[in-house]
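Colleague: Could you take me slowly through one part of this model, the site where the ligand is held, and then through the backbone of the loops?

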Amino acid sequence: MKDIYCLAIESSCDETSMSIIKNGIEEIETVTNTQIDIHKSFGGVVPEIASRSHIENVTIVLDELFQRSKISMSDIDIIGVTYGPGLIGSLMIGLQCAKTISLVTGKPLIPVHHIAGHIYANNLEKRLEFPLIALVVSGGHTDLVYMKEDYSFKKIGSTLDDAVGEAYDKVAKVCGLEYPGGPLVDKLSKLGRDTYDLPMPLDDDSYNFSFSGIKSAVINVIHNEMQRGNEIRVNDMCNSFQERVVSVIVKKTMRALSEYNVNNLVLAGGVAANSYLRERLEEETNKNNINFSYPKIKYCTDNAAMIGAAAYYAYQKGKIADLTLNAVAVDTLYNEE
Ligand code: KG4
Ligand code: ZN
């Protein structure tokens with residue numbers, strides 16, 4: 001079969017990333033420009049600044065990608081692009097770039113859902129095996145997804161309020177840590193102990209999650225301690241928060257695997273970089289003979305390599321967009337069967 005080279009573009013949040021992926025599995029080259037340092041001083045991503053920065057970077061990243069990869073545009077077979085969900089202004093820059101290239105070259109334009117990309121980041125390590133359960137944990141999502149085959153997504157549970165990464169970032173912020181705080185909470189929690197009496201996040205029979213209660217509890221404890229002039233034990237707070245959040249995620253994930261009679265688990269999204277979550281899932285899946293895979297750290301947070309991996313399978317399923325393709329802020333992935 002002929003090799004398929006995908007030029008992939010991702011710009012849904014604060015990373016302008018482009019990649020060339022062969023056959024949905026092999027990364028040829030990726031160039032990513034991250035805006036983290038720009039947004040740090042605001043304590044979070046400022047959408048207007050993010051889109052302006054994408055505009056400044058989009059052609060620079062594209063040029064560098066082709067220079068580094070030694071591949072030319074004529075070698076490219078398909079153009080994969082994130083169309084949503086994400087920040088509309090940011091998405092539109094990557095989308096416009098992809099549409100322009102598709103128009104000029106006549107190459108097919110493949111619309112990729114950002115979360116499908118996160119799941120397919122695992123395919124860059126090892127070919128996905130089906131059926132599988134994907135645990136998607138990012139700054140915008142906390143979903144349990146059942147996949148019976150390639151590019152078929154059935155959401156079986158989701159967060160009812162904050163995404164887990166969002167809760168990590170807010171807890172980090174009230175603890176006085178820099179944006180994005182998730183990796184710091186992960187790191188500091190190793191230096192602390194579970195000494196704060198925080199409530200358990202939603203621990204019921206559903207596959208849904210809720211993190212706003214524990215997040216508010218952290219904020220209240222910190223405000224009360226500060227009012228009393230007491231010192232906050234940040235490492236302990238990180239540990240107590242992480243212990244409860246990870247415990248409930250692991251518990252519901254393991255139950256989903258058992259109830260759906262599935263032997264394959266893949267972890268996806270920015271929070272897939274969390275060392276404690278990986279460790280706990282590794283332990284549980286080992287005990288239960290489940291194949292567990294998670295992406296390399298560089299494929300956990302937003303990147304175009306994962307979009308190129310997903311685009312290949314979307315293409316196989318005939319998902320080709322025309323130039324009316326629009327950016328969407330909402331979730332449409334789970335309509336894709
Ligand atoms: O997937 P991603 O790059 O962007 C979205 O699509 O949302 O995820 C970013 C999120 C942020 O909330 C960040 O704090 C979190 O992933 N994150 C982590 C870790 N590394 C990144 N959260 C907990 N532990 C980590 N090690
Ligand atoms: Zn993401």
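Modeller: In this predicted model, a good place to begin is Pro180, which lies in the loop between α5 and α6. The peptide bond that joins Tyr179 and Pro180 is cis, with omega about -10°. The two helices on either side of that loop also matter for the ligand, since α5 (164-174) and α6 (182-189), together with α4 (114-120), each supply at least two residues of the shell around ligand 1.

That shell has 19 residues, and those that come nearest are His118, Gly139, Asp169, Gly270 and Asn274. By type, the shell divides into 5 nonpolar, 11 polar and 3 charged residues. Both domain 1 (5-120 + 299-316) and domain 2 (130-294) give residues to the shell, and therefore ligand 1 lies between them.

Turning to single atoms, an N or O atom in the side chain of His114 is 3.1 Å from an oxygen atom of ligand 1, while nitrogen atoms of the ligand are found 3.1 Å from an N or O atom in the side chain of Asp186 and 3.0 Å from one in the side chain of Asn274. Taken alone, ligand 1 exposes 560 Å², of which the protein buries 88%, and the space that ligand 1 takes is the largest pocket.

As for other loops, a cis peptide bond also runs from Gly84 to Pro85, with omega near -10°, and Pro85 is found in the loop between β4 (78-84) and α3 (88-105). Asn23, in the loop between β2 (15-22) and β3 (26-34), has a positive phi near 55° although this residue is not a glycine.

Notes: Residues numbered from 1 in each chain as written. Chains lettered and ligands numbered in written order. Predicted model: local features only at pLDDT ≥ 70, side-chain atom pairs only at ≥ 80, totals over all residues. Heavy atoms only, no water. Near = heavy atom within 4 Å. Polar contact = N/O pair within 3.5 Å; in protein donor to acceptor, adjacent residues only side chain to side chain. Areas by Shrake-Rupley, 256 points an atom, 1.4 Å probe, with all protein chains shown as cover. 1 Å grid on protein atoms, 1.4 Å probe; cavity = no way out; pocket = protein on both sides within 12 Å on 5 of 7 lines; lining within 4 Å. Sits in = over half its atoms within 2 Å of the grid points. Helix = DSSP H or I, 4+ residues; strand = E, 2+ residues; numbered from the N terminus. Nonpolar A, V, L, I, M, F, W, Y, C, P; charged D, E, K, R; others polar. Domains from an automatic or database assignment.
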